[in-house]
Every structure is written in C-alpha cells, then in structure tokens.
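Dear colleague,

Please find below the structure that I am handing over to you. My findings follow directly after it.

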Amino acid sequence: METLVQEVMTKKKEAHVSQKLNVTGAEALILSLLAEGVDSIFGYPGGAIMPVYDALYDYQEQLKHYLVRHEQGAIHAAQGYARVQGRAGVALATSGPGATNLITGIADAMIDSTPVVCITGQVFRHLLGSDAFQEVDVISVSLPITKWNFQVTKAEEIPAAIAKAFYIAQSGRPGPVLIDITKNAQNERFDFEYQKCTKIRSYFPRRKVDANAIDAAVELINSAKKPFMLVGQGVTLSKAEEELKAFAEKSGIPVASTLLGLSAFSTKHPLYVGYLGMHGNYGPNIKTNECDVLIAVGMRFDDRVTGDLKSYAKQAKVIHVEIDPAEIDKNVKTTVAVVADAKEALVALTEKIEKKSYPEWLQEFADADRLEYEKVISKDFAPNTEKIKMAEVIKMLSDKTQGTSIIVTDVGQHQMTTTRYYQFTEKDSNITSGGAGTMGFCLPAAIGAKVGRPDRQVVAIIGDGGFQMTMQELGVIMQYGIAVKVIILNNNFLGMVRQWQQMFFDNRYSSVDMHNPDFIKLAEAFGIKAQKVEKREDLGSALDTMLDSPEAYFLEICVEKETNVFPMVPAGAGVGGIRLE
C-alpha cells in the first residue's frame with residue numbers, strides 16, 4: 001500500500017496510475033486526492049463520512065487534515081487556500097447538518113469564482129429518500145450554487161467523480177463543485193485505477209482568442225482619446241499580472257481595480273488610478289462616465305461597480321474581455337466582446353496596440369484625487385479624535401509591511417477602509433468576500449491562506465461583528481500552530497449597517513450596538529498572544545510586536561465608534577452620484 005501511495009505521489013502529474021489495487025471507496029477517495037496533488041484538507045468528521053476519516057488515518061503524512069470547529073470554517077478555509085494557491089481547496093464534511101453548514105461558503109465561492117472541491121458523506125444508498133437520520137438532499141440544495149455536483153452511490157464511481165470535480169472546479173471560470181458519497185460506496189471494495197480528467201464532452205471552458213474580436217478591440221483602443229481600463233479578479237485567476245502590466249505600459253491607459261481585482265496591478269504603479277465601487281475612489285467612479293473607450297478585463301460589471309445601469313458609461317465604447325460568455329451583455333452592453341482567458345487576450349492585444357500616453361487624461365484623475373484627499377482622506381487621517389481611526393491603522397500596517405502581506409478581510413466598514421488604504425504591491429495578496437459579502441469569512445479564510453502560503457505574512461482584519469460569527473476557529477490556530485496575525489477593529493457596532501441607518505433611516509439605530517466579550521481573554525484562552533490598543537501612541541509598537549511575532553498574534557484595536565466610510569455611491573444611484581461627504 002505504501003508503495004502505491006509513493007507511486008501516486010510521484011506520478012500525480014501524469015495522466016493515470018498504472019498499477020491497480022483493491023481498496024475501499026474511502027481509501028480510493030484519499031488516493032484520488034493525492035493523485036490530484038492535494039496536500040491539505042479542511043474538515044469535520046461525522047457518522048456518514050467516518051469511513052473516509054478511518055482511511056485518512058493511514059495517510060496522515062501525505063495528506064494534512066485540519067480539524068475546523070464548524071463546517072463553515074472548513075469551506076472558508078478551503079477558499080482562502082485556493083485564493084493563494086491558484087488551485088482547488090478541499091473541504092470535507094458529513095451528511096445532513098454537516099453538509100448544509102457548507103452551503104454559505106459554497107455560495108460565496110460560486111459568486112467569487114473560487115475553485116473548491118467539497119466532499120460530503122451521505123446515508124447508505126438504500127436509505128436515500130427515507131428521511132433517515134442526518135439525511136439531507138444536498139445535491140438539490142447545492143445545485144444552484146455549484147458549478148457541478150454529483151452523488152456517488154457505488155465505490156467504483158469515486159475516481160472518475162473526483163477527477164471530473166477537480167477539472168471542472170479549476171478550468172475556465174473557476175468555481176465550487178460538490179461530491180456526495182453514500183456510506184455504502186465508502187465501504188465497498190473495488191480495483192482502484194485513476195485517470196485524470198482533461199476534457200468533458202459539451203464542456204468548453206476555454207475558447208481560442210477570436211482574431212477578429214482582437215482586431216476590432218485594437219482599432220477602438222488605438223483611436224481612443226480617453227481610454228480607461230477596469231481590472232477584475234479574472235486577471236488574478238488567469239495569472240496574467242505581468243501581461244496586464246505589459247499592456248498598460250504599452251497602451252498608457254489608466255488602470256482601476258474592482259474589489260476582487262486588487263493586487264493584480266500594483267497600487268504604486270503610475271498608471272494605477274484607484275479602485276472602483278460603492279466605496280471606491282472618486283476619480284475612477286466619475287471618470288467611468290467620461291471615458292470614450294472602456295476596457296473591462298476579467299470582471300462582471302457587478303452592481304456595486306456600476307451603480308444605476310441606466311446611467312453607466314453610456315458615452316463609452318465597451319470592450320469586455322471575459323472567459324465566461326454568460327457575462328457578456330448581461331449587465332452592460334458590449335461593443336466588442338473578447339471571450340477568452342485574460343492572459344491570452346492581453347498578450348494578443350499588447351502585440352497589436354500602438355504605444356501611447358495620455359498625460360492630460362491622467363491629470364484629470366490626479367485632479368479628482370486631490371479633491372478626494374481634501375474632502376475625505378485628510379479627514380480620515382486627522383488625529384482630531386481621542387479614538388484611533390480605522391484608516392490610521394490600515395495605513396500604518398501598509399507602511400510597515402510595504403504592501404507585501406496577504407491581507408484577508410471580513411465584510412463591513414473595516415473591509416472598505418482596508419481596500420481603500422492598504423497599498424497592495426504583490427500579487428495574490430487580497431482575499432475577501434466580494435459578491436456574497438459573507439460575514440464570518442475572514443478568520444477561517446486567513447487560516448487557509450496561511451496553510452497555503454506559510455512563507456508569507458498573513459494578516460486577518462476583522463470587525464467585531466464578523467469575528468464573532470466564526471471566532472471558534474481560533475481553536476484551529478491553537479491546535480496546529482498556524483501563525484496568522486489577527487487584527488480586530490472594534491467599534492462596538494455593526495458599523496456598515498449603522499452608517500446606512502444614519503444616512504438613510506434618520507439615525508434610527510436598530511440592533512447594531514454590540515456588547516462584546518473580552519476579546520483578549522478569549523484569544524488567550526486559545527493560547528494566542530494578545531494585546532489591546534486604546535491609545536494612538538501605542539499603535540505603532542503594537543503593530544511591530546504583532547508583525548515580528550513568529551507565532552499567531554491577536555491585536556484588538558479600539559477605533560472611533562461612529563465613523564463613516566466615504567466616498568460612497570448611494571444605493572440606486574449612478575457612479576456619477578458618488579458622495580464625498
């Protein structure tokens with residue numbers, strides 16, 4: 001058996017395992033994961049998945065399992081792992097409530113195009129549909145939020161199902177898949193053989209670049225007077241950061257990023273003009289309605305980017321580079337659609353475009369930046385209150401790490417402040433819940449990110465509300481010695497909800513004031529070094545201590561209670577209606 005495992009490990013990049021071995025379905029699952037190059041999984045055992053955990057016992061050196069404290073922690077950790085690794089993370093859960101506890105994270109992964117393979121146990125095949133103990137039809141439940149799902153009822157189906165799962169999750173526009181395995185299939189024996197999946201009939205995840213579309217796009221770009229480029233997570237997913245840089249520098253076109261596109265293009269590059277969206281920078285939002293050619297690469301024109309579609313970029317010719325044809329014309333009418341992988345499309349475009357520069361156009365963005373600085377940024381950093389401001393914390397962290405850390409954020413005011421003021425200078429550095437806006441995402445995702453990239457500094461930035469949704473995952477940090485750095489920006493409020501209640505509901509603060517536990521005692525109960533910062537003069541040294549620690553560290557920073565995040569595009573307004581105060 002050990003000989004076969006070594007063969008699987010050494011040949012994991014080959015198309016198949018040449019030797020057959022009679023094994024249980026549970027062991028076949030483990031061997032299949034090893035054949036796909038999986039080294040880490042996040043999970044929680046239970047009755048219907050117990051045979052798999054028993055098989056895992058013999059493969060602990062080859063396949064590291066991280067025992068989470070809740071299945072939601074498993075799926076978010078798998079997401080964090082996937083986002084830094086660029087390949088599928090794996091989550092493992094039992095049937096019934098174990099499987100349904102994965103659902104929030106699966107939905108999050110689907111909308112944010114994160115490749116994860118979820119494996120759930122299921123009751124015996126003969127009990128399906130009988131309302132057996134812990135039976136839930138997770139295939140039907142997860143159908144709308146998975147790229148593909150499948151129920152295995154026979155052991156011999158396992159290798160092909162896993163091979164197909166990884167191929168679908170990681171190809172084209174990535175996403176989550178779910179494999180549900182009945183208990184009898186885990187127990188049955190068969191002759192194991194593994195064949196990697198390289199194609200599926202009627203599934204075409206990547207299209208060849210259409211030369212005519214490239215030529216049409218090039219013609220628009222070369223004739224533009226005020227071109228503007230919007231960069232999404234598709235650039236990161238296709239590992240096209242260098243190709244993006246080459247295109248930008250040859251074209252001279254200003255570049256703005258979506259929330260998930262942050263870190264695909266250095267914020268310190270002279271062509272970077274800011275980030276888009278409801279709480280994005282002033283210039284990129286208003287200039288969207290002033291450009292003559294809008295080039296969108298690997299982004300889906302989410303409502304938080306576009307605002308009111310009736311007034312969005314109506315003056316512009318739109319070039320949409322997107323791997324998923326379903327996104328073309330879904331929200332914004334496209335002039336030229338380039339349905340292709342971002343890297344391949346950028347290479348083709350860069351080869352044909354003219355080398356240009358747009359100093360006057362870039363100056364317009366600089367003028368907008370000055371206005372934003374005067375109205376917003378200068379106030380965010382003015383030490384005119386006793387309490388520390390969120391922006392101060394993020395800027396100081398950015399300066400001390402030189403923008404090189406992997407930053408994981410939860411959802412809320414701290415998320416928007418971080419994405420505004422952390423200066424990302426390295427790729428694969430921004431991990432957050434975008435489309436779903438999942439509170440509780442950050443802590444387990446940061447754990448997964450650190451497991452995936454132990455060589456990099458991983459900092460989790462969380463609000464006091466979101467932290468309490470998955471704070472039990474501190475136990476994973478404790479048990480496995482994962483050196484995640486955790487910053488809680490504590491304002492004793494559900495800050496973003498409170499901001500909306502102040503601005504749009506006549507200051508009627510309803511169920512947003514939080515009475516929190518002693519976070520420091522909580523962290524210390526999990527064996528994690530912790531410090532609380534309440535005074536501005538202590539902030540710098542506390543951040544240094546945290547960053548210098550070779551172990552996990554927990555930093556609670558008490559911040560201004562009723563601060564608002566600006567700029568802001570009010571809900572239902574167009575990007576031209578962005579408010580600075």
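Where does P567 lie? In this predicted model, P567 lies in the segment after strand 20. The peptide bond that leads into P567 from F566 is cis, and its omega is near 0°. Most peptide bonds are trans.

A second backbone feature concerns A313, whose phi is near 50°, a positive value in a residue other than glycine. A313 belongs to the loop that runs between helix 14 (303–306) and strand 13 (317–322). Most residues other than glycine have a negative phi.

I turn next to the domains. The domain assignment of the protein chain gives domain 1 as 6–195, domain 2 as 211–365 and domain 3 as 386–558. Between domain 2 and domain 3, the C-alpha centres are 31 Å apart. Contacts across this interface involve 16 residues of domain 2 and 18 residues of domain 3. The two domains bury about 1500 Å² between them, with 58% of that area on carbon and sulfur atoms. L259, S263 and H279 together supply 36% of the area that domain 2 buries against domain 3, which is more than any other three residues.

Which kinds of polar interaction are found between domain 2 and domain 3? The rule finds zero salt bridges across their interface, whereas seven residue pairs, both residues at pLDDT 80 or more, are in polar contact. By class, the side of domain 2 that touches domain 3 consists of six nonpolar, seven polar and three charged residues.

For the model as a whole, the salt-bridge count comes to 24. One of these salt bridges is formed by K379 and E581, with the closest N and O atoms 3.6 Å apart. This pair links distant parts of the chain, since K379 is in helix 16 (residues 359–380) and E581 is in the segment after strand 20 (553–558), 202 residues apart.

Finally, there is a sheet to describe. Six strands form an open sheet with parallel pairing, in the order 16-15-17-18-20-19. Why do strand 16 and strand 19 each have one side without a neighbour in the sheet? Strand 16 (430–431) and strand 19 (529–533) stand at the edges and have a single partner strand each, so one side of each is left without a neighbour. Strand 16 runs parallel to strand 15 (residues 406–409), and two bridges join them. Within this pair, I407 of strand 15 stands opposite N430 in strand 16. Strands of a sheet pair through backbone hydrogen bonds, either parallel or antiparallel.

With kind regards

Methods
Residues numbered from 1 in each chain as written. Predicted model: local features only at pLDDT ≥ 70, side-chain atom pairs only at ≥ 80, totals over all residues. Heavy atoms only, no water. Domains from an automatic or database assignment. Contact = heavy atoms within 4.5 Å. Buried area = accessible area lost by both parts, 1.4 Å probe. Salt bridge = Lys/Arg side-chain N within 4 Å of Asp/Glu carboxyl O. Polar contact = N/O pair within 3.5 Å; in protein donor to acceptor, adjacent residues only side chain to side chain. Nonpolar A, V, L, I, M, F, W, Y, C, P; charged D, E, K, R; others polar. Pairing = 2+ DSSP bridges. Helix = DSSP H or I, 4+ residues; strand = E, 2+ residues; numbered from the N terminus.
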